[in-house]
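Reader: I am new to this structure. Would you please describe the ligand site closely, with the terms explained as they arise?

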Amino acid sequence: MILVVAETLEGKIRNASLETVYYGSKVAEILGVSCNALILGPCSDGAKLGGFGAKEVWHVDDNKLTSLDSQVFTKVISKIAKDNGAKVVIVSDSSFGKSLLGRLSVALKAGPVRGVNNLPELKDGKLNVDRPVFSGKAIATCKINTDIAVLSLMGNTLKPQTTGADVAVKKLTVELPESRTKVVNVKRSVGIVPLPEAQIVVSGGRGMKDPSNWGILEDLAKVLGATTACSRPVADSGWRPHSEHVGQTGIAIRPNLYIAVGISGAIQHLAGVNSSKVIVVINKDPEAPFFKAADYGVCGDLFEVVPKLTEALKQFKASHH
Ligand SMILES: Cc1cc2nc3c(=O)[nH]c(=O)nc-3n(C[C@H](O)[C@H](O)[C@H](O)COP(=O)(O)OP(=O)(O)OC[C@H]3O[C@@H](n4cnc5c(N)ncnc54)[C@H](O)[C@@H]3O)c2cc1C
C-alpha cells in the first residue's frame, strides 16, 4: 500500500496535495498495490481525493492536530503506515512535508528521499528515484535499500488528473500524544496564491530602482492572476517582504510562467527559478545573464515595457470575454 499524506489549508485539501495523491496512485501502479490518502485535522472535502487516484481516504480529526506539530503528526502517520503495511509514504515537499520526512524515516526505519521530481523505477525489487541536486544543476538517482520508502514530492512534477470518482471518507481514531508546542496566533497573507503553489509568478529585481515603483509589477500580476516575487537584494533592502525572496537562499519555485523584471539572472537567483516551465525576461542590458536561461526575452526599459505588456494583456482579456 502507498500512503499519501494530504495537506489541508483552512479545512480544505491543498491543491498541491491533489498532485501528491495522483503521484501516489502512479507509484502504486508501478508497485502493483493500492494508494490510500490520509488527512489529518479538520477537512471538509477529502472525498475528492478518490478522483485523483486514492482508493481509500482516511481522516483523523482531533483537536491535537490543529497545531501542525510534526512530532504529533509523525506519530499518527507512522502508526497508520505500520498498521497497514505501507511500502511508500509520500508527503509534499512543502515546509511541513519536509519537517515530517526525517521524523517519518526514523519512526519507520525507512529510506527518505527529499524533493523527488519524477516517477520511481523498480530495479531488482528496489525503488530508484530522481531528485535535483546542487540547485538543479545535476540530478541524483537514489536507490532506496529499505523495505519502506519515504518521499517528498516537488510541486509541478506531474499534472494531476482525475482518474476516478469521489470516495467516502473513512474516519479513523488514533491515540495522540499531547503536543509540546502550541500555535497561539497565525497571521496569513490573504488573497494571493502562496509562491510555492503559484502557476504564474511576476518577479522584480534591483532594476525596479525603488519600492514605490512596484505598482507596475502588481498591475501586471493582477491582470495575469500571478503571485509576486523578488530577488534577494530587493528583500534584503526591505523593498519587499522576505517571504517573496526566491533563489538559492530563498524559496525554490517551479511555476508554469516566471516573468523576471529587472533581474540580472545571477546563478544564485536562477537556482530557485530555473525549473519554471516558461521564463520571460525583461531587462535593458542585452548582456544580462538571465537572457541565456530565458524562453522569451524583451530587451528594453522595464518602465516602458511592463505597462505596455499589462495594457496589451488587459485588451486581450477584454476581447476574449
Ligand atoms: C551565497 C549567496 C546566496 C544568494 N542567494 C540569492 C537568492 O536566493 N536569490 C537572489 O535573487 N539572489 C541571491 N544572491 C545574490 C545574487 O548573487 C545577486 O546579487 C542578485 O540575485 C542580484 O539581484 P538583482 O538581479 O535584483 O540585481 P542586479 O544584479 O543589480 O540586477 C539588476 C538588473 O536590472 C536591470 N535593469 C536596471 N534598470 C533597468 C530598467 N530600467 N529596465 C530593465 N532592466 C533594468 C539591469 O540590467 C540588471 O540586469 C545570493 C548571493 C550569494 C553570495
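Author: The following account treats the ligand, its contacts and its pocket. The model is predicted, so local features need pLDDT of at least 70 and side-chain atom pairs count only at pLDDT 80 or more, whereas totals for chains, interfaces and linings use all residues. Residues are numbered from 1 along each chain as its sequence is written, and side-chain values use heavy atoms, with hydrogens and water left out.

The ligand is surrounded by 26 residues (each with a heavy atom within 4 Å of it), and the closest are Lys-209, Ser-231, Thr-249, Ser-264 and Asn-283. By type, this shell holds six nonpolar, 14 polar and six charged residues; Gly is counted as polar, and Asp, Glu, Lys and Arg as charged.

Several polar contacts (pairs of N or O atoms within 3.5 Å) can be described. A side-chain N or O atom of Thr-249 lies 2.7 Å from a nitrogen atom of the ligand. Gly-262 places a polar backbone atom 3.1 Å from a ligand oxygen, and Lys-284 has a backbone N or O atom 3.1 Å from a ligand nitrogen. Taken alone the ligand exposes 980 Å², of which the protein buries 76% (Shrake-Rupley method, 1.4 Å probe).

The ligand takes up the space of the second largest pocket (an open set of points on a 1 Å grid where a 1.4 Å probe fits, with protein on both sides within 12 Å along at least five of seven lines; more than half of the ligand atoms lie within 2 Å of its grid points). This pocket has a volume of about 210 Å³. Among its 16 lining residues, Ser-231, Arg-232, Pro-233, Ala-266 and His-269 are the closest to its centre.

Terms used. A polar contact is a pair of N or O atoms within 3.5 Å; within protein, one must be able to donate a hydrogen and the other to accept it, and residues adjacent in sequence count only if both atoms are side-chain atoms. On a 1 Å grid over the protein atoms alone, a cavity is a set of points where a 1.4 Å probe fits but cannot get out, and a pocket is an open set with protein on both sides within 12 Å along at least five of seven lines; lining residues have an atom within 4 Å of a point. Grid points are joined across faces, edges and corners, and a volume is the space filled by probe spheres set on the points.
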